[in-house]
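The following exercises are to be worked through with the sequence and the structure at hand. Each task is followed by a solution in steps.

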Amino acid sequence: MNSLRQIGEPLMKWYQENKRVLPWRDQNNAYYTWVSEIMLQQTRVEAVKPYFQRFMEELPDIEALARCPEEKLLKLWEGLGYYNRVRNMQKAAQEVMEKYGGQLPRNYELLRELKGIGNYTAGAIASIAYEIAVPAVDGNVLRVISRVTENGGDIRKQSVKRQIEEELREVIPREKPGDFNQALMELGAVICVPNGQAKCQLCPIREFCQAHAHGREMDYPKKAAKKPRAVQKKTILVIQDDRSVAIRRRPSRGLLAGLYELPNLDGWLAQEEILKYLRELELEPLRILPIGEAKHVFSHVEWWMRGYQVRVASVEQPLWKELIFVKPEETAEQYAIPSAFDVYANYLKEEKIR
DNA sequence: AACCCGGGGAT
DNA sequence: ATCCCAGGGTT
């Protein structure tokens, strides 16, 4: 009474006929698989494509990745989000250089020990790059399998993920396990979709799907509600002298760790409080001008921002206290600035430095 | 187990 | 406005 045991053949046939052409697919190169899988964590295929192309041109192999300066690494990841992914991948690359002579291990457990490689990614690399018959359970697979088997468990729970991994471990084919895993994900991405109505008419395994048999596709997967996001009010400063603008480096831990940002303060500050901050930095404000509000939504917090342009007397040293005074062109080339600041960073490009 | 960590496209 | 994406690390 295991409907999973029958999905293999029709699923693989469907995949062969319908699989998308992707830059990292059918490359027969474990590094390609690795980089793509890290980029694809919580990130859509279409978003990854341009980043993947550029990344592989700049860092074509594990050694290049291991040696890359952090600033350049973050610049290559700028805008993708979850920036620890790339730092962890570099740590893993350095470990691969030292322990494995620059070759990713052909072993699920050893892959799993590398920084940034969890159950899913270890399974993906092992099965896709090395034809090792292990499951690779991502959000797509959880959705597909919870529907096929009418599994009512909360798919966010570790126990449910483990259970589905075990069920798949018993049915995954010894031949082309990588295609099997990719077929399940592809099915989830284009047929058994996360948003909107599932396209069961087009599904190659609908006759083995318990949820479909009962007309209950949309009742799965079960998922506990997320808690609401916290709101943080912020005051963003575009501090400019006659030729440059101030940025600073964020702390090395926490949100947007190690990236650069426009100087900012917690809360919506009155002009007097902004002046106090500028005095602490020994900057001489010539004028302060409101430049509008903006909102940025992260996965777990919202920033409600109010921006001010602060014109200051000419600053002699580019490195001044906690600030770095840079020409706008330099930020584009060297400093990774998260998109939360886009509204105010764009303000710079509009040639308002006068 | 609960929480933290980005950004954007689809509905 | 909400969901969720080829998840993993930390506490």
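**Exercise 1.** How do the residues of the surface near DNA strand B divide into nonpolar, polar and charged?

*Solution.* The model is a predicted one. Begin with the surroundings of DNA strand B, which comprise 20 residues; Arg44, Tyr82, Tyr83, Leu256 and His300 are the closest. Of the strand's atoms that come within 4 Å of the protein, 58% belong to sugar and phosphate. Sorting the residues by class then gives seven nonpolar, eleven polar and two charged.

**Exercise 2.** Identify the atoms that take part in polar contacts between the protein and DNA strand B, using Thr43, Leu80 and His300 as examples.

*Solution.* First, consider the bases. The side chain of Thr43 places an N or O atom 3.0 Å from a base nitrogen. Leu80 instead uses a backbone N or O atom, 3.3 Å from a base nitrogen. Next, consider the phosphates: an N or O atom in the side chain of His300 is 2.7 Å from a phosphate oxygen.

**Exercise 3.** Describe how strands S5 and S6 are arranged.

*Solution.* S5 covers residues 285-297 and S6 residues 301-312; the two run antiparallel and are joined by ten bridges. Three residues lie between them, and the strands form a hairpin. Within this pairing, Arg287 is found opposite Arg311 of S6.

**Exercise 4.** Why is Cys209 not bonded to the closest cysteine sulfur?

*Solution.* A disulfide requires two cysteine sulfur atoms within 2.5 Å. The closest cysteine sulfur to that of Cys209 belongs to Cys200 and is 6.4 Å away, so the pair is too far apart for a bond. Cys209 is also buried, at 12% relative accessibility. Applied to the structure, the rule yields zero disulfides. Cys192 is likewise in no disulfide, its nearest cysteine sulfur being that of Cys203 at 6.4 Å. Cys192 is buried, with a relative accessible area of 11%.

**Exercise 5.** Locate the salt bridge between Arg229 and Glu302, and state whether each residue is buried or partly exposed.

*Solution.* The structure holds 24 salt bridges. In one of them, the side chains of Arg229 and Glu302 meet at 3.3 Å, N to O. The pair links distant parts of the chain, 73 residues apart: Arg229 is in the loop between helix H12 and strand S1, and Glu302 is in strand S6. Arg229 is partly exposed, with a relative accessible area of 39%, whereas Glu302 is buried at 12%.

Terms used:
Residues are numbered from 1 along each chain as its sequence is written. Chains are lettered from A and ligands numbered from 1 in the order in which they are written. This is a predicted model: local features need pLDDT of at least 70, side-chain atom pairs count only at pLDDT 80 or more; totals for chains, interfaces and linings use all residues. Side-chain values use heavy atoms; hydrogens and water are left out. A residue is near a molecule or strand if one of its heavy atoms lies within 4 Å of it. A polar contact is a pair of N or O atoms within 3.5 Å; within protein, one must be able to donate a hydrogen and the other to accept it, and residues adjacent in sequence count only if both atoms are side-chain atoms. Ala, Val, Leu, Ile, Met, Phe, Trp, Tyr, Cys and Pro count as nonpolar, Asp, Glu, Lys and Arg as charged, and the others, Gly among them, as polar. Two strands pair if DSSP finds at least two bridges between them. Helices (H or I, at least four residues) and strands (E, at least two) are DSSP runs, numbered from the N terminus. Buried means under 20% relative accessible area, exposed over 50%, partly exposed in between (1.4 Å probe, protein chains only). A salt bridge is a side-chain nitrogen of Lys or Arg within 4 Å of a carboxyl oxygen of Asp or Glu.
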